[in-house]
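Thanks for coming. I'll go through one model this morning, and I'll keep to what the coordinates say.

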Amino acid sequence: MTATSDLRSHLLRGVVRHRRSQPMPYELEHDVFYLALDLDELDEVDARLRLFSRGRRNVLAFRDRDHWVPDASDLRTAVHEHLREEGFETDGWRITFIATPRVLGYQFNPASFYLCRDREGVMQVVIVEVHNTHHERRLYTLRPERKGKAWVDDMDKDFYVSPFIDMEAHYTVRVQDDPARVRIAITETERGKPLLTATLVAERFRLTDRNLLRTLLRVPLATQKTIVAIHLHAWRMWRRGFTFRKHSEVTR
């Protein structure tokens, strides 16, 4: 199996936690894995790994059209064009895309992240790509500022995600990108009151077939389990009495 120590792309393995405080406490926790792909290296990663392919079927597969709004034909080009439209000169920029790829042909990412660094390596933009179970996507473009160890920015909610949260909500996003691990936290408030905190804490590993195989054995069928878990937790919350808001009843 080919070593990939010279790649900037890497594997992330960790835990996602959701902690909700109102109208009643509710918590969940799941083991997850993500690929942190340097968008300049997509074809190189494809060429080096046996278990991963770009645009072709494999155990793990990346398809550009699974991402962006509208569907990207070339994700790197789409992101750079967007950043230039936002007023940035992106020559020499590095963009790390954090998402779970297709696993045995199936893909679902509730949220994916684009960490955009300038030629000096300073984080200038974080793009959050949110997917819902109605096959819709929304991009939030943040210009985070350094606050202690984390990069922080916020945004108003304007996209239907959960049937148990109103549209009158606000997000604060914190990204801490350390050499050994990545921590991303999204805190949601509703009418000024704390509602939900979702966190991803993941350790970095070299992106090799050996590490991918170990990860697939440790976290099998990750994307399939994600969509099942979403519906399972929704059923549990409905049974506990959480107010349910239909997609068709919400103005996005």
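Start with Trp235. Is Trp235 buried, exposed or partly exposed? Its relative accessible area is 44%, so Trp235 counts as partly exposed, because that class covers values from 20% to 50%. Keep in mind that this is a predicted model. Trp235 sits in helix H4, which covers residues 222–240. Together with Leu232, Trp238 and Phe244, Trp235 makes a nonpolar patch on the surface, about 440 Å² in area.

Now a residue at the other end of that scale. Val103 has a relative accessibility of 3% and counts as buried, because the cut-off is under 20%. Val103 belongs to strand E6, residues 102–103. What does Val103 touch, once neighbours within four places in sequence are set aside? The list is Phe33, Val59, Leu60, Leu221, Ala222, Thr223 and Gln224. There is also a C-alpha separation of 6.8 Å between Val103 and Ala61, and those two are 42 residues apart along the chain.

Next, the sheet. It is an open one of 11 strands, with antiparallel pairing. Reading across, the order is E9-E8-E7-E5-E2-E1-E14-E13-E12-E11-E10. Which strands are at the edges? They are E9, residues 137–142, and E10, residues 145–147, and each of them pairs on one side only. From one strand to the next, the twist averages 25°. As a reminder, strands of a sheet pair through backbone hydrogen bonds, either parallel or antiparallel.

Take the E9 edge. Strand E8, residues 123–131, is joined to E9 by six bridges, and the two run antiparallel. Within that pair, Val126 is opposite Leu142 of E9. The hairpin of E8 and E9 has five residues between the strands, and His135 in that hairpin has a positive phi near 65°.

Towards the other edge, strand E11, residues 150–156, pairs with E12 over six bridges, again antiparallel. Met155 has Tyr171 in E12 as its bridge partner. On its other side, E12, residues 169–177, pairs with E13, residues 181–190, over nine bridges, also in the antiparallel sense. Three residues make the hairpin connection from E12 to E13. Two of the facing positions here are Arg174 opposite Ala185 in E13, and His170 opposite Thr189 in E13.

One residue of E12 is worth a stop, and that is Thr172. Is Thr172 buried or exposed? At 19% relative accessible area it is buried, because the class takes anything under 20%. Leaving out neighbours within four places in sequence, Thr172 has contacts with Val152, Asp153 and Asp154, and also with Ala185, Ile186 and Thr187.

Last, what lies across the sheet strands. Helix H3, residues 209–218, lies across three of them: E1 (10–20), E2 (26–38) and E14 (193–206). The helix runs at about 30° to E1.

To recap the residues: Trp235 is partly exposed, Val103 is buried at 3%, and Thr172 is buried at 19%. That's all from me.

How values were computed: Residues are numbered from 1 along each chain as its sequence is written. This is a predicted model: local features need pLDDT of at least 70, side-chain atom pairs count only at pLDDT 80 or more; totals for chains, interfaces and linings use all residues. Side-chain values use heavy atoms; hydrogens and water are left out. Two strands pair if DSSP finds at least two bridges between them. Helices (H or I, at least four residues) and strands (E, at least two) are DSSP runs, numbered from the N terminus. Axes are lines fitted to C-alpha atoms, for helices over the stretch in contact, and angles run from 0 to 180 degrees between N-to-C directions. Contact means heavy atoms within 4.5 Å. Patches are made of residues with over 30% relative accessible area and no salt bridge: like charges are joined within 9 Å, nonpolar side chains (Val, Leu, Ile, Met, Phe, Trp, Tyr) within 5 Å. Accessible areas come from the Shrake-Rupley method with a 1.4 Å probe; for residues, only the protein chains shown count as cover. A salt bridge is a side-chain nitrogen of Lys or Arg within 4 Å of a carboxyl oxygen of Asp or Glu. Buried means under 20% relative accessible area, exposed over 50%, partly exposed in between (1.4 Å probe, protein chains only).
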